[in-house]
Amino acid sequence: MISNAITKVLEFVLYDRLVNKLPIDDYQFGFKVKHSTGLCTRVLKRTVDYYTERGSHVFCAFIDFSKAFDRVNYWHLFNKLLDDNVSHDVVRLLSFWYSHQEVSVRWHNTLSGSFSINNGTRQGGILSPYLFARYIRDILLDITDSNIGCNIGGRMINILAYADDLVLLAPSWRALQQLLDKLSVAATSIDMLCNIKKTVCMVFNPKCRSNIVAQKFPSFTINNEPLQFVQEFKYLGHILSNTQLDDADIARERKNLFYRCNMLIRRFYNCSVAVKQRLFKSFCLCFYDVALWSNFTAFSYNKLKSAYVKCCKIFFGYSKYYSVTAMLHELDFSDFNTVIGSHQHALHRQILLCDNDVVNHFVRLRLL
């Protein structure tokens, strides 16, 4: 949805009068400065590691809401803002604005008739991320206040959120089922609906095999609907495996590297070296969340390393037998290990600069 300039200015003015940071917001990693998908996934993986290294199972449920942003009920939202002691004038302005907005659909040169929208946050709006985070804040509060699920150093780590992507964590089957029941009740109260087909569960076994309780567990349910167990799941773009190996995510990145390199070869192979260097650094060195890799086989890592060298040689026209060191020196590229190290340093720096109490709790315990 395209907003005009004056609308964005108005939203910026209202933003400072709306934001009300509470401790519960530390479990929400989406739409926040100095936060990222990698930071959220890092906390999730370290929580799993903490329990499995100490001989416990970890049960996770990855929650998917049906049309989450479109199901926001305006009047539930405005009541929550009033509970936060937001100025009545601001809430009155928002309520009038949202309840009287009309939209049209443009298809090529044809414009449809206008129609009203009675629910949902405005796509592309400055306030929309905060309003949605505030809308689901009570779900996070209900889960964390239950004192059910994973707890590390006296801090509940039983739910993590990135916008509408929620994950529940518990060290026992019964605990996770109780969290699912609570989440279902809390979501229903604000007209949110869990997508049973896309909500999945995963079990991480203890690293010591003698502590494994069972290989199979009963299905979890939401509103008496069974949930599917999976062995791998792409959470925030990072593939998690119940074996806690990162090989599947390394394979994903290797596939993406070849895809991006082939695209560059088809379109820009005849460009100058300087242009190709800029393109390669921009498209092929943007590895996604590689700093999260901590447990992988040498075979998978070396295959990605070889793919990096192969892509460089093909795109820049080097023969397969040309010295890798000489090629990287001529192109002013870092070797693969240095590239990975720079990503790890960037994530570590982000962790140290982050003002999130959950992240800082892990840092104090030396878990991140």
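## A buried glutamine, a five-stranded sheet and a C-terminal helix

Glutamine 244 counts as buried, since its relative accessibility is 13%, and the cut-off for that class is under 20%. The model in which this residue sits is a predicted one. Glutamine 244 belongs to the loop between strand 15 (238-241) and helix 8 (247-268), and its backbone has a positive phi of about 65 degrees although the residue is not a glycine. Most residues other than glycine have a negative phi. Lysine 67 offers another case, with a positive phi of about 45 degrees, and this residue is not a glycine either. Lysine 67 is placed in the loop between strand 1 and helix 3 (74-83); with a relative accessibility of 65%, lysine 67 counts as exposed, whereas glutamine 244, at 13%, is buried.

The loop that holds lysine 67 leads back to strand 1, and strand 1 in turn leads to the sheet. This is an open sheet of 5 strands with the order 8-9-1-10-13, and its pairing is mixed. Strand 8 (159-162) and strand 13 (228-229) form the edges, each of them pairing on one side only. Within the sheet, strand 1 (residues 58-63) and strand 10 (residues 200-204) run antiparallel and are joined by 5 bridges, and in this pairing phenylalanine 62 stands opposite valine 200 of strand 10. Strand 10 is also joined to strand 13, here by 2 bridges and with the two strands running parallel; cysteine 201 stands opposite phenylalanine 229 of strand 13.

How many residues of strand 10 are buried? The count is 5 of the 5, so the strand is largely enclosed by the rest of the structure. The side chains divide between two directions, with Val200, Met202 and Phe204 pointing one way from strand 10 and Cys201 and Val203 pointing the other way, and all of these residues are buried.

Helices lie across strands of this sheet as well. Helix 6 (residues 137-145) lies across strand 8 and strand 9 (165-170), and its direction makes an angle of about 165 degrees with strand 8. Helix 7 (residues 173-189) lies across strand 1 and strand 9, running at about 145 degrees to strand 9. Strand 9 is thus a strand that helix 6 lies across and that helix 7 lies across too.

The cysteines can be considered next. A disulfide is a covalent bond between the sulfur atoms of two cysteines, and the structure holds 0 of them. For cysteine 60, the closest cysteine sulfur is that of cysteine 150, and the separation of 7.0 Å is too far for a bond, given that a disulfide is counted when the sulfur atoms are within 2.5 Å. For cysteine 208, the closest cysteine sulfur is again in cysteine 150, but at 19 Å, which is also too far for a bond. The surroundings of these two residues can be set side by side: cysteine 60 has 0% relative accessibility and counts as buried, while cysteine 208, at 39%, counts as partly exposed.

Helix 13 (residues 357-364) has Val358, Val359, His361 and Phe362 as its buried residues. Because these residues cover an arc of only 155 degrees around the axis, they are on the same side of helix 13. The partners against which the buried residues of helix 13 pack are helix 2 (37-52), strand 6 (151-152), strand 7 (155-156) and helix 12 (336-353). At the start of helix 13, a side-chain oxygen of asparagine 356 comes to within 2.8 Å of the backbone nitrogen of valine 358, and just after the helix arginine 366 takes a positive phi of about 60 degrees.

Helix 2, one of the packing partners of helix 13, contains arginine 46. Is arginine 46 buried or exposed? With a relative accessibility of 18%, arginine 46 counts as buried, under the cut-off of 20%. Leaving aside neighbours within four places in sequence, arginine 46 is in contact with Glu53, Phe362, Leu367 and Leu368, and Phe362 in this list is one of the buried residues of helix 13. Arginine 46 and leucine 367 are 321 residues apart in sequence, yet their C-alpha atoms are 6.6 Å apart in space. The side chain of arginine 46 reaches the backbone oxygen of leucine 367 at 2.5 Å.

How values were computed: Residues are numbered from 1 along each chain as its sequence is written. This is a predicted model: local features need pLDDT of at least 70, side-chain atom pairs count only at pLDDT 80 or more; totals for chains, interfaces and linings use all residues. Side-chain values use heavy atoms; hydrogens and water are left out. Buried means under 20% relative accessible area, exposed over 50%, partly exposed in between (1.4 Å probe, protein chains only). Helices (H or I, at least four residues) and strands (E, at least two) are DSSP runs, numbered from the N terminus. The arc is that of the directions from the helix axis to the C-beta atoms. Contact means heavy atoms within 4.5 Å. A polar contact is a pair of N or O atoms within 3.5 Å; within protein, one must be able to donate a hydrogen and the other to accept it, and residues adjacent in sequence count only if both atoms are side-chain atoms. Two strands pair if DSSP finds at least two bridges between them. Axes are lines fitted to C-alpha atoms, for helices over the stretch in contact, and angles run from 0 to 180 degrees between N-to-C directions.
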